[in-house]
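User: I am new to this structure and would like a close look at one part of it. Please walk me through the ligand site, and then through the strands that lead up to it.

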Amino acid sequence: MNIEFARREDAQQIAEMSRDLIEAGLDWRWRPERIWRAILDRETAVIKAEVSSRLAGFAIMRFHWAEEAHLDLLAVKPLFRRSGIGATLLSWLESSALTAGVSIVRLELREINKQAMQFYKHRGYQTVRNIPRYYSERETAIAMAHDLWSDVSAREIK
Ligand SMILES: CC(C)(COP(=O)(O)OP(=O)(O)OC[C@H]1O[C@@H](n2cnc3c(N)ncnc32)[C@H](O)[C@@H]1OP(=O)(O)O)[C@@H](O)C(=O)NCCC(=O)NCCS
């Protein structure tokens, strides 16, 4: 598996993955133009995982604040799941966040998305609150956060 920054030619495929794997049944907000704007934004990291030169997963994290980063999207194609790609993409972004002096990573996910919730809990994220009507003004979001520095200090104390 190879992790790289996404390029312009990836925007269409990434947007389609967001539509089908993350936003299914909601309004499609992450269209190719928006992905392309994220790729161009210097304070946003859009990364992709490739397996045998095929796009297997992607993730988008915004670094617009001094001490916090926001994970906007993360998805792995069904064929490639449970082989560590999601965890590798997230670790890559978390390492970048730590290097940038960011301590807290925040994200929202659909309340119905229990699998992703398991994934994030496994990665050290905790539920912060529910946000009713967050998605398309009808679906509840679960806000989660992870304090990266507390993990680092715990490792140093051991
Ligand atoms: C959530 C998602 C990104 C996980 O990607 P992945 O590459 O399959 O995850 P990993 O293989 O790195 O999993 C790491 C650990 O997370 C947990 N985990 C991952 N998927 C899980 C699932 N479906 N159910 C329960 N636990 C899960 C497991 O503990 C797993 O370790 P294990 O396989 O050794 O048991 C993927 O399922 C996905 O793309 N889902 C659809 C899109 C989505 O919901 N994105 C998140 C909201 S933006």
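Analyst: What follows covers the ligand site and then a run of paired strands. Keep in mind that this is a predicted model.

Start with where the ligand sits. The ligand is in the largest pocket. Four elements each give two or more residues to the shell around it: α1 (11-22), β4, α3 (85-99) and α4 (114-122). Of these, α4 gives the most, with six residues.

Now look at the residues themselves. In total, 19 residues surround the ligand. The closest are Leu 74, Val 76, Arg 82, Gly 86 and Asn 113.

Next come the polar contacts. Asn 113 has an N or O atom in its side chain 2.6 Å from an oxygen atom of the ligand. Ser 83 takes part through its backbone: a polar atom there is 3.2 Å from a ligand oxygen. His 122 uses its side chain, where a polar atom lies 3.3 Å from an oxygen atom of the ligand. How much of the ligand does the protein cover? On its own, the ligand has 910 Å² of accessible area, and the protein covers 80% of that.

Turn now to the strands. Strand β4, residues 68-76, pairs with β3. The two run in the antiparallel sense, over six bridges. Within this pairing, Ile 60 stands opposite Leu 73 in β4. Five residues make up the link in the hairpin that joins β3 to β4.

On to the other partner of β3. Strand β2, residues 44-51, pairs with β3 over eight bridges, again in the antiparallel sense. Here Ile 60 of β3 is the bridge partner of Val 46. So Ile 60 belongs to both pairings: it bridges to Val 46 and stands opposite Leu 73. β2 and β3 also form a hairpin, with two residues between them. Ser 52 in that turn has a positive phi of about 50°.

Is β3 enclosed or open to the outside? Strand β3 spans residues 54-62, and seven of its nine residues are buried, so the rest of the structure largely encloses it. Buried here means under 20% relative accessible area.

For contrast, take a residue in another strand. Asn 2 lies in strand β1, residues 2-5. Its relative accessible area is 39%, which makes Asn 2 partly exposed. Glu 33 comes 31 residues away from Asn 2 along the chain, and their C-alpha atoms are separated by 25 Å.

Note on methods:
Residues are numbered from 1 along each chain as its sequence is written. This is a predicted model: local features need pLDDT of at least 70, side-chain atom pairs count only at pLDDT 80 or more; totals for chains, interfaces and linings use all residues. Side-chain values use heavy atoms; hydrogens and water are left out. Buried means under 20% relative accessible area, exposed over 50%, partly exposed in between (1.4 Å probe, protein chains only). Two strands pair if DSSP finds at least two bridges between them. A residue is near a molecule or strand if one of its heavy atoms lies within 4 Å of it. A polar contact is a pair of N or O atoms within 3.5 Å; within protein, one must be able to donate a hydrogen and the other to accept it, and residues adjacent in sequence count only if both atoms are side-chain atoms. Accessible areas come from the Shrake-Rupley method with a 1.4 Å probe; for residues, only the protein chains shown count as cover. On a 1 Å grid over the protein atoms alone, a cavity is a set of points where a 1.4 Å probe fits but cannot get out, and a pocket is an open set with protein on both sides within 12 Å along at least five of seven lines; lining residues have an atom within 4 Å of a point. A molecule sits in a cavity or pocket if more than half of its atoms lie within 2 Å of its grid points.
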